[in-house]
Amino acid sequence: MTTSIHISALDGIVNVNSLFTFAVFVGLAWNPTDPSSSLVNDPTSPCVAGPAIVENIVSFHVFSFSSFLFSSLIALALKQALRISKTSGFPSNSHHLPELYVRVNKGSFRVGMLASGVGSVVGCVFLMLALINVVQFKLGTLACGSGFSLAAVVPLVIFVSSALLIYSCIVLYAFFC
C-alpha cells in the first residue's frame, strides 16, 4: 500500500472536517430565538418557523459536529497507525525497503477509511439538514410554499447530494480495490 497517498487522503479528510466543524460552531453560536433574526415580517403567518424547527437546528448541528469529530478521530488514528508501523513495522534487516511502504493490516485500514468516510457523509447530511432548517427559520417554512425558501433549499439539496454521491462512490471504490 502506498502510504503517502493514504496519508494525503487522511489529511484531506481531517482538513475538510475541520472546516465543517468550524461552520457548525458558527451555526451553534447563532441565536435563533432572536426575533429580529427572521425575515418573515408577520409573526402570525403560517410561514413562521415553530419551536420544532429551532430545536432541529441545534440538534442537527450537534449531530453534524459529532459525526465530523468521529470521522476526524478515525482518520487521525489511521494516520498515527501508519506512522507507528512505518517506524517499527519492519525487522531490522528491512531498512533497504523504500520509506513509503509499511506493513499495515489492509482489511482494518480499509474499514477505518470506510468508517471515516461514512462519518464525513453523515456529518454533511446533518449539516445540510441544519441549513435547511436555518433557511426555514429565516425565509419561511417549506410547508407554506415560501418561494425564497424553495429557491435556497433546492440547489443546496441538489449540489450537496450530488457531491456526497460522488464522494461515496470514490470511498467505496477505494474500499473494494
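**Helical architecture, core and pocket of the predicted model**

Read along the sequence, the chain follows the pattern α-α-α-α, with four helices and zero strands assigned. The structure is a predicted model, and its chain averages a pLDDT of 80, with 76% of the residues scoring at least 70. Confidence in the chain is lowest in helix 1, at a mean of 75, and highest in helix 3, where the mean reaches 90. Where pLDDT is low, the predicted coordinates should not be read in detail. Of the 177 residues in the chain, 34% are buried, and among contacts with a separation of 6 or more, 80% are accounted for by residues 24 or more positions apart.

The largest nonpolar core consists of nine residues, namely Ile-7, Leu-10, Ile-13, Val-14, Ala-75, Leu-78, Leu-82, Phe-109 and Met-113. Two or more residues of this core come from each of helix 1 (3-29), helix 2 (51-88) and helix 3 (106-139), and helix 1 gives the most, with four residues. In soluble globular proteins, nonpolar side chains tend to be buried together. Within the core, Ala-75 touches Leu-10, Ile-13 and Val-14, and Ala-75 also touches Ser-116, when residues up to four places away in sequence are not counted. Another alanine, Ala-81, lies in helix 2 and counts as partly exposed because its relative accessibility is 37%, between the limits of 20% and 50%. Ala-81 and the core residue Phe-109 are 28 residues apart in sequence, while their C-alpha atoms are 9.1 Å apart in space.

A search of the whole structure for aromatic pairs finds four. In one of these, the rings of Phe-63 and Phe-126 have their centres 5.1 Å apart and their planes at 55 degrees, so the pair is tilted, given that planes from 30 to 60 degrees apart fall in that class. Because Phe-63 lies in helix 2 and Phe-126 in helix 3, the pair ties together parts that are 63 residues apart in sequence. Both partners retain some accessible area: Phe-63 counts as partly exposed at 39% relative accessibility, and Phe-126 is likewise partly exposed, with a relative accessible area of 23%. Ring pairs further link Phe-60, Phe-63 and Phe-126 into a cluster.

The second largest pocket has a volume of about 270 Å³. Its lining comprises 16 residues, of which Val-16, Phe-20, Ser-120, Cys-124 and Leu-164 lie nearest the centre of the pocket. At least two lining residues are supplied by each of helix 1, helix 3 and helix 4 (147-176), and helix 3 gives the most to this lining, with six residues. Helix 1 and helix 3 thus appear both in the lining of this pocket and among the contributors to the largest nonpolar core.

Helix 4 also contains Ser-149, a polar residue that counts as buried because its relative accessibility is 0%, under the 20% limit. When residues up to four places away in sequence are not counted, Ser-149 touches Val-135, Gln-136, Leu-139, Gly-140 and Leu-142. Among these partners, Val-135, Gln-136 and Leu-139 fall within the range of helix 3 (106-139), the helix with the highest mean confidence in the chain.

Definitions and conventions
Residues are numbered from 1 along each chain as its sequence is written. Side-chain values use heavy atoms; hydrogens and water are left out. A nonpolar core is a set of buried Ala, Val, Leu, Ile, Met, Phe, Trp, Tyr and Cys residues joined through side-chain atoms within 4.5 Å. Buried means under 20% relative accessible area, exposed over 50%, partly exposed in between (1.4 Å probe, protein chains only). Contact means heavy atoms within 4.5 Å. Rings of Phe, Tyr and Trp (its six-membered ring) pair if their centres lie within 6.5 Å; planes under 30 degrees apart count as stacked, over 60 as edge-to-face and the rest as tilted. pLDDT is the predictor's confidence in each residue, from 0 to 100. On a 1 Å grid over the protein atoms alone, a cavity is a set of points where a 1.4 Å probe fits but cannot get out, and a pocket is an open set with protein on both sides within 12 Å along at least five of seven lines; lining residues have an atom within 4 Å of a point. Grid points are joined across faces, edges and corners, and a volume is the space filled by probe spheres set on the points.
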